[in-house]
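Here is a short tour of one model, starting at a ligand and working inward. Keep the structure open beside you as you read.

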Amino acid sequence: MIVYLVGMPGAGKTSCGMVWARQLGYKFYDMDVFIESLHGQSIPALFESAGESRFREIEKETLRLISQGNKRIIATGGGTPCFFDNMAFMKAHGLVIFLDCPVDTLIQRLHGSQEQRPLLQHCRNEEEIRKFVQELYEQRRPFYEQAHISLQNYEPQSLPQALVSAIQHT
Ligand SMILES: Nc1ncnc2c1ncn2[C@@H]1O[C@H](COP(=O)(O)OP(=O)(O)O)[C@@H](O)[C@H]1O
Ligand SMILES: O=C(O)C1=C[C@@H](OP(=O)(O)O)[C@@H](O)[C@H](O)C1
Ligand SMILES: [Mg+2]
């Protein structure tokens, strides 16, 4: 079983995926980290040098590359399910979990971590982050909602029962 975590930047895909994988005895892969080591560049540097559309192609290739094997949790990037046929691909290859985090929480978490997140680099203050994140969320929600399971009120410290049950039943 491959478990894909999808959701907005700051939703906790990376932090939850790492801990839940350990608790399940699964391997953990973070797509952004994988891309960074494969290309020897940070995500912001890759956006800068190659541009977003090339990044999306790399992301698509990487998704296919790490979707081999079993017992792994993959933390995707926030945009992964929204480009090409990535969502259909993930649904066909495993269990897709939407980490559905309130926009207010996202804004709190993203404020101050803009350097690592190229999409937010143009935002000059909290108000601009709010507007950008709200619009992005509205635009992406139709993709995220195609996930097999949506989770709210999750945290890294507690492995969601819905995830455990879904794994047991497949
Ligand atoms: N309950 C929580 N669940 C997930 N992340 C949390 C929580 N509380 C605080 N955080 C923090 O929010 C940030 C989430 O970022 P990250 O895991 O990188 O998200 P993503 O990979 O979805 O962009 C981290 O700094 C993490 O420490
Ligand atoms: O939302 C996006 O389009 C992106 C989210 C990032 O990952 P996180 O969701 O882990 O921040 C990273 O893949 C890249 O900066 C683009
Ligand atoms: Mg992440």
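## Around ligand 2

This is a predicted model. In it, ligand 2 is surrounded by P9, K13, T14, D32, I43, G77, G78, G79, R117, P118 and L119. Sorted by class, that shell holds four nonpolar, four polar and three charged residues.

## What the record marks

Let's turn to the annotation. The unreviewed UniProt entry gives "binding site" for D32, R56, G78 and R140. Two of the residues listed around ligand 2, D32 and G78, are also covered by that annotation.

## A look at R56 and G78

Where does R56 sit? R56 belongs to helix α4, which spans residues 52-66. R56 has 18 C-beta neighbours inside 10 Å, so it counts as partly exposed; the buried class begins at 20.

G78 lies in the loop that links β3 (72-75) to α5 (86-93). Is G78 buried or exposed? G78 is buried, because 21 other C-beta atoms fall within 10 Å. Setting aside residues up to four places away in sequence, G78 touches G7, M8 and P9. One of these, P9, is itself among the residues around ligand 2.

## The nonpolar core

Finally, the interior. The largest nonpolar core contains 35 residues, and the members touching the most other members are Y4, L5, V6, I74, I97 and L99.

V6 makes a good place to zoom in. Beyond its neighbours within four places in sequence, V6 is in contact with T76, T80, P81, V96, I97, F98, Y144 and A147. Among these contacts is I97, which appears beside V6 in the list of core residues that touch the most other members.

Definitions and conventions:
Residues are numbered from 1 along each chain as its sequence is written. Chains are lettered from A and ligands numbered from 1 in the order in which they are written. This is a predicted model: local features need pLDDT of at least 70, side-chain atom pairs count only at pLDDT 80 or more; totals for chains, interfaces and linings use all residues. A residue is near a molecule or strand if its C-beta atom, placed from the backbone, lies within 6 Å of it. Ala, Val, Leu, Ile, Met, Phe, Trp, Tyr, Cys and Pro count as nonpolar, Asp, Glu, Lys and Arg as charged, and the others, Gly among them, as polar. UniProt positions are given in the numbering used here, feature names are shortened, and annotations may be inferred rather than shown by experiment. Helices (H or I, at least four residues) and strands (E, at least two) are DSSP runs, numbered from the N terminus. A residue is buried if 20 or more other C-beta atoms lie within 10 Å of its own, exposed if 12 or fewer, and partly exposed in between; C-beta atoms are placed from the backbone. Two residues are in contact if their C-beta atoms, placed from the backbone, lie within 7 Å. A nonpolar core is a set of buried Ala, Val, Leu, Ile, Met, Phe, Trp, Tyr and Cys residues joined through C-beta atoms within 7 Å.
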